[in-house]
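User: I should like to learn how to read the features of a structural model, one at a time. Could we begin with the contacts within a chain?

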Protein chains: 2
Amino acid sequence: MPPRATISSYAVLALLDLKPWTGYELTHQAQRSLRYAWPKSERLLYSEPKKLVELGYATTHIEETGSRSRNVYEITDKGREALSEWTRTRTQPPHMEIEALLRLLFADHGTIEDLRGTLDDLETDIGEHHEAIVELMGSYLDGGHPFPERTHLSVLFATFQIEMFKSIERWIEFARDEIEQWPTTKDVGMAERTEMLTRRLAHDESPLDD
Amino acid sequence: MPPRATISSYAVLALLDLKPWTGYELTHQAQRSLRYAWPKSERLLYSEPKKLVELGYATTHIEETGSRSRNVYEITDKGREALSEWTRTRTQPPHMEIEALLRLLFADHGTIEDLRGTLDDLETDIGEHHEAIVELMGSYLDGGHPFPERTHLSVLFATFQIEMFKSIERWIEFARDEIEQWPTTKDVGMAERTEMLTRRLAHDESPLDD
DNA sequence: TACCCTATACTGCAGCCTGCAGTAAAGTCA
DNA sequence: TGACTTTACTGCAGGCTGCAGTATAGGGTA
């Protein structure tokens with residue numbers, strides 16, 4: 001029985017459609033370019049091209065370039081067909097795991113200090129990604145996109161990232177102000193401020209812009 | 001060798017610290033209350049309490065209530081200690097999987113119509129969660145929080161969700177306008193509009209509010 | 001009272017995915 | 001020529017998911 005194509009298979013297949021790659025190149029290019037859209041481990045990315053060959057979506061051949069032989073993968077017509085079928089299926093719902101939010105939800109097991117630390121951690125993690133994307137955009141301006149004809153897609157994708165990061169950073173500031181008002185993490189319950197907040201949220205108003 | 005406690009273990013343990021639960025209750029309560037913070041499958045949530053017992057973080061005893069016997073789990077002192085140790089460790093960086101964004105990144109394999117469909121799917125998925133949270137806030141106003149003394153935590157958590165959902169919905173509108181300008185999904189590259197966008201992003205300006 | 005259907009309360013298993021440890025050849029510097 | 005680093009992977013334990021399957025309790029009906 002052949003393996004089943006997963007979303008990760010299509011992600012790698014889409015890269016293969018741009019040009020042929022060696023296994024190593026493909027894996028590392030995938031880590032770079034999919035990191036924000038579909039983050040997968042190096043380990044998985046190494047096994048995907050093999051699966052694609054088994055599925056008939058790619059071929060592999062040894063290329064002798066100089067001293068070292070390299071295993072080169074190339075997409076097949078069947079692979080291109082599978083790709084365009086994929087674009088017409090229903091997408092999976094988004095899946096987000098943010099441990100910092102889990103900690104917030106159970107922050108009454110620790111101190112206000114612990115919770116502030118959690119918010120700092122989140123800020124650091126988001127900040128790193130935020131900076132990286134801004135720098136990437138700078139490099140695009142200098143003509144640094146590896147597939148210039150696809151710049152519009154990367155940039156529209158980047159607007160999503162930047163918007164997310166900015167929202168999260170704004171929320172972190174808001175959350176810091178909010179917990180400053182709490183005597184401890186425990187037993188604040190439905191105090192005045194929280195009730196006002198709840199009321200705004202129940203009317204689907206943004207509590208951050210006032 | 002005892003199993004290792006994962007973040008999911010602590011998530012379930014934190015629920016156990018609120019009150020004793022039966023396995024079924026615990027699993028289903030966890031699905032409800034962790035859905036947005038730490039989404040895990042029913043299957044996993046069923047096996048976590050057993051792991052907690054093995055780790056000495058919880059005890060289990062059979063309770064004969066009426067016709068049916070129920071397996072009741074309770075947290076131990078060792079479990080409470082493990083919980084408070086967890087709150088002092090570094091959080092995992094956020095992990096987000098949004099297939100719709102992956103599709104966007106490779107939208108040149110399909111038509112503009114396909115891409116619009118992808119944005120519609122994303123809007124539907126986000127909209128469902130968005131609505132559910134707004135309704136939940138309404139129920140909190142009516143005194144519907146199962147642990148009233150913890151309302152401040154749930155509500156601060158909810159502000160994060162609502163902010164995220166609103167940002168994503170705003171971005172979807174923006175993206176729709178943007179792709180309306182494209183003749184096809186392919187070869188737009190660094191056109192005028194995209195260059196302006198890239199310039200704004202490279203200066204870390206929000207491209208959505210103008 | 002026997003029968004059937006639904007809700008409650010789980011378990012086993014295949015298979016995806018991750019992190020880590022390990023391997024081995026090619027390049028690089030002393 | 002030896003030691004170290006970089007390139008280029010593989011194997012494996014174990015976390016996690018979806019799905020199929022099991023078993024009992026309660027409730028309606030013929």
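**Reading the model**

Analyst: In chain A, 57% of the contacts with a separation of 6 or more are made by residues 24 or more positions apart. Please bear in mind that this is a predicted model.

User: Which order of helices and strands does chain A follow along the sequence?

Analyst: One begins with the inventory and then reads the order. Chain A has 8 helices and 4 strands, arranged along the sequence as α-β-α-α-β-β-α-β-α-α-α-α. The radius of gyration of chain A is 23 Å, well over the 17 Å from the globule rule for 210 residues, so the chain is more spread out than a compact globule. Along the principal axes, the C-alpha atoms of chain A occupy a box of roughly 70 × 45 × 35 Å.

User: What rotation superposes chain A on chain B?

Analyst: Here one looks at the angle and at the shift along the axis. A rotation of 180° with 0.0 Å of shift along its axis brings chain A onto chain B, with an RMSD of 0.0 Å. This is the relation of a two-fold axis. Within chain A, the C-alpha nearest the axis belongs to Met96(A), 2.2 Å from it. Both copies use the same surface, as 100% of the contact residues of chain A recur in chain B.

User: How many residues of chain A count as buried, and which residues touch the most other members of the largest nonpolar core?

Analyst: The general idea is that nonpolar side chains tend to be buried together in soluble globular proteins. In this structure, 38% of the 210 residues of chain A count as buried. The largest nonpolar core has 105 residues, of which Val12(A), Leu13(A), Leu16(A), Val12(B), Leu13(B) and Leu16(B) touch the most other members. Helix H7 of chain A, residues 151–180, gives the most to this core, with 12 residues. As for Val12(B), its contacts beyond the neighbours within four places in sequence are Leu26(B), Ala30(B), Leu45(B), Glu48(B), Pro49(B) and Leu52(B).

User: Which residues are the closest to DNA strand C?

Analyst: One lists the surrounding residues, then their elements and classes. DNA strand C is surrounded by 16 residues, the closest being Ser41(A), Arg43(A), Leu44(A), Gly23(B) and Tyr24(B). At least two residues of this surface come from each of helix H3 (42–55) of chain A, helix H2 (23–34) of chain B and helix H3 (42–54) of chain B. By class, the surface near DNA strand C comprises 7 polar, 5 charged and 4 nonpolar residues.

Methods:
Residues are numbered from 1 along each chain as its sequence is written. Chains are lettered from A and ligands numbered from 1 in the order in which they are written. This is a predicted model: local features need pLDDT of at least 70, side-chain atom pairs count only at pLDDT 80 or more; totals for chains, interfaces and linings use all residues. Copies are superposed by least squares on the C-alpha atoms of residues with pLDDT of at least 70 in both. Two residues are in contact if their C-beta atoms, placed from the backbone, lie within 7 Å. The radius of gyration is taken over C-alpha atoms; the globule rule is 2.2 Å times the number of residues to the power 0.38. A residue is buried if 20 or more other C-beta atoms lie within 10 Å of its own, exposed if 12 or fewer, and partly exposed in between; C-beta atoms are placed from the backbone. A residue is near a molecule or strand if its C-beta atom, placed from the backbone, lies within 6 Å of it. Ala, Val, Leu, Ile, Met, Phe, Trp, Tyr, Cys and Pro count as nonpolar, Asp, Glu, Lys and Arg as charged, and the others, Gly among them, as polar. A nonpolar core is a set of buried Ala, Val, Leu, Ile, Met, Phe, Trp, Tyr and Cys residues joined through C-beta atoms within 7 Å.
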